[in-house]
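Hello,

Here is the structure you asked for. Please open it first and keep it beside you while you read the notes that follow.

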Amino acid sequence: MRDNMDNLKGKTSQDFTNPVRPQQVPETAAKRHVDKLLEENRTAAASGGNGGDQEYSLNDDRRVKVLSPGALVAKRFFRNRLAVVGLTILAVMFVFSFIGGLLSPYGQDEVFFREELQLKEFAGATMNNEYRYMVADGQEFGAVLQAQLGLVMGKEDSFTYKNVTYHVTEEGPELYSVDVDGVLVAMAYKDIINPVATGATFSFDFSYNALRAYAHGESTFQAEGSIYDLDDGGTVTLNGEEVAYISRLIVQSKTSGTVISRELRERVAEAIENDETEFTLTTADGVQQDYALEYDAATRSWSIKQETPTRVFDSYTFPSAKHWLGTDKNGMDMLTRLMYGGRVSLVIGFIVVFISAVLGVILGGVAGYFGKWVDNLIMRVVDVFYCIPSMPIIIIIGAAMDGMRVDPQVRMLYLMLILGFLGWPSIARMVRGQILSLREQEFMAATEACGISVPRRIFRHLIPNVIPQLIVICTMSLGSTIITEATLSFLGLGVKFPFASWGNIMNDVTNSYVLTSYWFIWIPAGVCLMLAVLGFNFVGDGLRDAFDPRMNR
Amino acid sequence: MRNFLIKRLLLSILIFFFVVFIIYLLMRCMPMSYVETMAQQLSQAPGSKPYEEWLLQLNAQYGLDKGIIPGFFDQLKNLLTGNFGDSWKFTVPVVQKFNEVIWVSFTMGGIAFILELLIAIPLGVIAATKQYSRTDYAVTVFALAGISLPTFFFATLLKLVFSVQLGWFDLVGLIGRDYNHLDAWGQFLDKAHHLVLPIVTLVVISVGSLMRYTRTNMLEVLNSDYIRTARAKGLSEKRVIYHHAFRNTLIPLVTIVGGSLPGLFAGALITETLYAIPGIGWTSYQAMTAGDIPFSMFYLSFLAILTLAGNLLADILYAVVDPRVRIA
């Protein structure tokens, strides 16, 4: 008798796992019997001293393998191939997310840069088509006179202004000089004399003689007491040293502080002549520079672009040895973000389900146990929650948090609380339904007779009996919670940058260029998400079958 | 039966009241609401009034100067008297906008639902009759994979394969580029063509749960005594399954179908957003993120009524289909 009592005591918690199901009763009774016999055998063996590893006869009880209900469930679970597959997937995902993040050499929001040659506007070039005027030393030639000159150039050889007659001489193509009674006053020209030494200026005498010589094709000219040499290209030399060069092309630097070298200017002139769009120039120090030349018809100018090395985000690089899954648009390592994203997604899933399970079990337990108006009240609240469309509500709250500019970390916390708070009604409903039938069982009458307190009755004796269904419903809702979180993050209302989540990694596909060209940005995240949810669903499904006593496999 | 209906109706009204109140509370508490955004925009115009003055004026204009409780009762009165007001974001009467966008969603949802039934019920029955066979595993994996697929991922995959790689469909939108040059039949075909991918997405995502449900129910029925009796009588397996068992499987299915009929009006928020289909889901998403109270209130209370009606309908249908159920 004592033996039997002990046995009962030892089995209580396990027996209560499935008291609802009458099918189990004979099974457990038989088992109890077997247990008892085993116990007797063991004591006999201990006193007799002959060990247990001997051959038993066919009808010996010791040949019967005894399994606790938990072991039975486990056995049934592991016999389900899909459930094992799901469990494996989950194990892989957990290792990937939680250990992978530690092994990855990069940080979650570590940004990578690369040097890139970018064409930057460097200088502009125009052909000079306007006459420029230069006034001789000590003479006056104002704007009015310049305009007058412009009117007569190439047509008449003199004009009169304020009783002074100016004589216009065409010195060469597009080069005119003006004199009053043989004294040079000014000249109009289009070719420009560029000094070789920066900042140097030239006198009227020098300019006049140089331009005239250039126009006439002469090889020497005299100015300011020196004799200069002039070649066909317009280079002016004094005693073999370059002084200036004549050209119609104006090249101006677009960035302040840079000086356009002569080589560049000449190379640009050559490129324009040959209609080149790109050219390379080796500077005096032997550095090779690439330039691009673009003609803008509207302003009749060329813009010279220089390839300059620039530090940019190493974004959208294809998978390589350094970045196994490439980098995203911010130049962050995709694989590392995927690992950290998995961590966030899984942790959020677990916390949300934990919150809803705690709320659901407490409220469902209370409603089911007390019944009457308590039950009515809680169930109406559940109805209200069922009636509120959850997705729109989460979207509204997400948009509100956008408006308040909530810190991403705090936001993650809020997200968990909200999802958890919206998830409890289905669990409460299930728990209540189970408890309604459980509380009519004899063991509840027994607890009442023993004078066990009400909370203890609910949470120690009723709730453990709901655990199987609770585990199943929680596993299933883990999957759906992860999907909900991912969907929200995908819409930009859930987990926010710089934190990664599988949903917000995929957010990039809203850019259709990413969708079509950079598969490595979104396919891995989607596959991870799907695998994790599939794992939870497989395991949940397997658990449901395993807990169901009617399933005999 | 009548007492039950009256009780349920009264409870539904009570629930509806609370749901609407919660929604209104949320919409009112939203920071950076529609009015605040607008006031900010207006105050930035050159030579304009300061932000605070605009806010006061706009609040009075939009009826937001009252407290939340009186504001709620105003809103409730308007809802009950059918005076739904004008949408702030779309600047047309709410009902007009709703009427414009609901039918696309309804068509999409309706076709998807019919396809779901046509796929899920036969597959579920087959899976149950051949439990633990290869077919059963295949159906289970397919169903669970469908449930596990996030809508946005699946839709993006479909887009990549069928729009980008194969070029069969447009990437987004309900109508093609030359829609206006087509005749009526052509316009119909154009719209149908654009709805193919969204419907496929909807079906694959939601067919799984219905399939699982059918399978579970069928298994339950197949394990019951009268099926054993039928087999013992020597009836052919076909007759046992499709005559005796299948009919009883239909009972819970009918309730599910009845319960989800009103849901067809709810629209598919994510799918519509992804394919840029101007249905009720997409429109309401825009309205909600913009803080458009009249439209969101109308849409959300509409959804609440549909859910309540759906639950009631499911209960009634259950009693109608299954004479064993007596509603007290």
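Is A:Ile427 buried or exposed? A:Ile427 is buried, because its relative accessible area is 2%, and the cut-off for buried is under 20%. Please keep in mind that this is a predicted model.

A:Ile427 belongs to helix α11 of chain A, which covers residues 408–438. Neighbours within four places in sequence set aside, A:Ile427 is in contact with A:Ser356, A:Ala357, A:Gly360, A:Val361, A:Leu470, A:Ile473 and A:Cys474. One of these, A:Val361, lies 66 residues away along the chain, yet the two C-alpha atoms are separated by 6.9 Å.

A:Phe98 makes a useful second case. This residue sits in helix α4 (residues 81–103) of chain A. A:Phe98 counts as partly exposed, because its relative accessible area is 29%, and that class runs between 20% and 50%. If residues up to four places away in sequence are not counted, A:Phe98 touches A:Arg343, A:Leu346 and A:Val347. From A:Phe98 to A:Ser480 the distance is 21 Å, C-alpha to C-alpha, with their positions 382 residues apart in sequence.

For chain A as a whole, there are 16 helices and 15 strands. Of its 553 residues, 47% are buried. Among contacts in chain A with a separation of 6 or more, 63% join residues that are 24 or more positions apart.

Next, the interface of the two chains. On the chain B side 45 residues are in contact, and on the chain A side 47. Together the chains bury about 4,000 Å², with 83% of that area on carbon and sulfur atoms. B:Tyr137, B:Phe152 and B:Phe153 supply 16% of what chain B buries against chain A, more than any other three residues.

The rule finds one salt bridge across this interface. It joins the side chains of B:Arg212 and A:Asp541, at 2.4 Å from N to O. Three residue pairs are in polar contact across the interface, both residues being at pLDDT 80 or more. Several helices of chain B each supply at least two residues of the side that touches chain A, including α1 (2–29), α6 (134–148), α7 (151–165) and α8 (184–222). Of the elements on that side, α1(B) gives the most, with eight residues. By class, the side of chain B that touches chain A has 35 nonpolar, seven polar and three charged residues.

The largest nonpolar core has 169 residues, and those with the most contacts inside it include A:Met506, A:Trp522, B:Val19 and B:Phe152. What does A:Met506 contact, leaving aside its neighbours within four places in sequence? In chain A the partners are A:Phe490, A:Trp522, A:Ala525 and A:Gly526, and in chain B they are B:Phe152, B:Phe153 and B:Thr156. A second, separate core has 20 residues, among them A:Ala136, A:Phe204, A:Phe221 and A:Ile246.

One charged residue of chain B is worth finding in the viewer. B:Asp136 is placed in helix α6 of chain B. B:Asp136 is buried, with a relative accessible area of 3%. Beyond its neighbours within four places in sequence, B:Asp136 is in contact with B:Ala127, B:Lys130, B:Gln131 and B:Arg215. B:Asp136 and B:Leu123 are 13 residues apart in sequence, and their C-alpha atoms are 8.8 Å apart in space.

Regards

Key: Residues are numbered from 1 along each chain as its sequence is written. Chains are lettered from A and ligands numbered from 1 in the order in which they are written. This is a predicted model: local features need pLDDT of at least 70, side-chain atom pairs count only at pLDDT 80 or more; totals for chains, interfaces and linings use all residues. Side-chain values use heavy atoms; hydrogens and water are left out. Contact means heavy atoms within 4.5 Å. Buried area is the accessible area (1.4 Å probe) that two parts lose on being put together, summed over both. A salt bridge is a side-chain nitrogen of Lys or Arg within 4 Å of a carboxyl oxygen of Asp or Glu. A polar contact is a pair of N or O atoms within 3.5 Å; within protein, one must be able to donate a hydrogen and the other to accept it, and residues adjacent in sequence count only if both atoms are side-chain atoms. Helices (H or I, at least four residues) and strands (E, at least two) are DSSP runs, numbered from the N terminus. Ala, Val, Leu, Ile, Met, Phe, Trp, Tyr, Cys and Pro count as nonpolar, Asp, Glu, Lys and Arg as charged, and the others, Gly among them, as polar. A nonpolar core is a set of buried Ala, Val, Leu, Ile, Met, Phe, Trp, Tyr and Cys residues joined through side-chain atoms within 4.5 Å. Buried means under 20% relative accessible area, exposed over 50%, partly exposed in between (1.4 Å probe, protein chains only).
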